Each structure stands twice: as C-alpha cells, then as structure tokens.
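Good morning, and thank you for joining. I would like to speak briefly about how helices pack in the model now on the screen.

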Amino acid sequence: MLLEHKVAVIYGAGGPIGGAVARAFAREGARVFLAGRTKAKLDRVAAEIRSHGGVADTAVVDALNEQAVDEYVDAVVQQAGSIDISFNLISYGDVQEPLTEISVEDFLGPITTAMRTQFLTTRAAGRHMINRGSGVILAFGGSGPHTLPGLGGFKVALDAIEGLRRQWACELGRHGIRVVTLKTGGVPETLPDTVPGREDIIAGIQQAALLNRTATLADVGNVAAFVASDQARTMTATDVNISCGAIMD
C-alpha cells in the first residue's frame, strides 16, 4: 500500500473532497486524523473508513485559530508518534461578484482565510516534520494564467496559495519536506443540487476539458494518495494538474 505506516491530517475532511481524500489515504494504509467544523460529517467519513478496515480519528478544529491548530497537531503527534502528511481542504467562504460591485470585506475574505489557514496548518505540521527530516504538505485549488469574470477574491486567493506554497517549499525542502498543490478545474460531484445554475456550471466544466470527462472525487483521492506517497518523492515546489486539460500549463 502506498501510505502504509503514514499518519495523515486532513482539514475539511467532512466535505466531499476532504472525505474522498481521507478514504483514499486510509485505503492505502494511512492512519487518518479527520479535522473539521461539523462533528457529524467527520463521524460519517470515519465510520465508512472503519467499515473497510481503516483507522480514523476525528476532532472538531477551527483551522483559522492558531492555538487550536497548534494544540491539535501536537496532540496528533503525541498520540500517533508523527505526522507525515498534512492536507488543508477547508472552504474559504468566498463571495463571487464582479470586482466593481463587491465590497472590500467580501473581496478580501477568501484571500485572508486562505492565507491564514494554509499558513497555520503548514507551520504546525512543518515544525514536527523538520524533526523527522521528512513530510508532505498538500494544498488544493491551484492557479494559472486564466480566470473568469465575477469571481471576486476567489481566484486571487488561489494565486496567493501558490505563492505561499513556493515559499514553504523553499524553506522546508532542506529538511526533506515536500510541498505540492493539486488543481482540478472543477469537480461536478461537489456541486449540491441546490446551487443556482448548477447544470450550466457543470456544462462549463465539461466543455473546458480536453478529454471526454472531468475529474471525479475518486480521481482527486487517488492522485492525492500517490503524491503523498514515497513514489512521488521527487515532486515538490509544483502543482499537479488533474483538470483533464481544462487548465493548460
């Protein structure tokens, strides 16, 4: 198994993508620690993992709270002995409106949230990974030269994550710690039926793809498990494009 004997912390593990990643990590042998804001969602993911023989622990954690993040990661290391993988998948609460119409607060909201949570969770894990001389930090979303009108601060937040990823990769690389971003261009399965214009959004994602398919939740989990594994040990300071060609590098 790709992640046998690995310890992985997944923030936002109660969401569709976080749950998919958690299941894939557990399937590949990792002990997964599931963090999020809603205990019931975390417990459902953990129960599914355990039903297939995996090991999963859950905790309600505010990934924007410095003390909460530091104490949680310290507790994971004390309980499991190490932290090998940290993957932050929390949502950023973005408001998507044209820049000429959006408020300053709504524009800056996702940027501030993304920077704060990604910095805090990476720093907390990195401090322990440095002592071991190894580890993997994963982020999700990615960036690129293309954008669309009306996204507010969301795309800017993704660009900022890439800048932060480069800085972390530069500073943690000498300690054997890898930092990688996954980007998809959109996963139709993550869109609830109640989202306005859902069918049009999905059609846009499908039309942008160069292949006759789009990324699925299973795809995200499978690729994340590979990137987090030692088989991808040469990969750092980069993003992994699983957009089916919707995002060109």
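**Two helix pairs**

Helices H1 and H7 are oblique to each other, because angles under 35 degrees count as roughly parallel, over 145 as roughly antiparallel, 65 to 115 as roughly perpendicular and the rest as oblique. This is a predicted model, in which local features need pLDDT of at least 70, side-chain atom pairs count only at pLDDT 80 or more, and totals for chains, interfaces and linings use all residues. Residues are numbered from 1 along each chain as its sequence is written, and side-chain values use heavy atoms, with hydrogens and water left out.

H1 spans residues 16–27 and H7 residues 217–228; their axes come within 8 Å and cross at roughly 50 degrees. Axes here are lines fitted to C-alpha atoms, for helices over the stretch in contact, with angles running from 0 to 180 degrees between N-to-C directions. Helices are DSSP runs (H or I, at least four residues), numbered from the N terminus.

Which residues of H1 and H7 make the contact? Taking contact as heavy atoms within 4.5 Å, H1 contributes residues including Ile17, Val21 and Phe25, and H7 contributes residues including Leu217, Val220 and Ala224. By class, this contact has 11 nonpolar, 2 polar and 1 charged residues.

I turn to the second pair. H3 (residues 66–80) and H4 (residues 104–132) pack at an angle of about 30 degrees, with axes 9 Å apart. H3 and H4 are therefore roughly parallel to each other. Their contact has 6 nonpolar, 2 polar and 6 charged residues.

Key:
Nonpolar A, V, L, I, M, F, W, Y, C, P; charged D, E, K, R; others polar.
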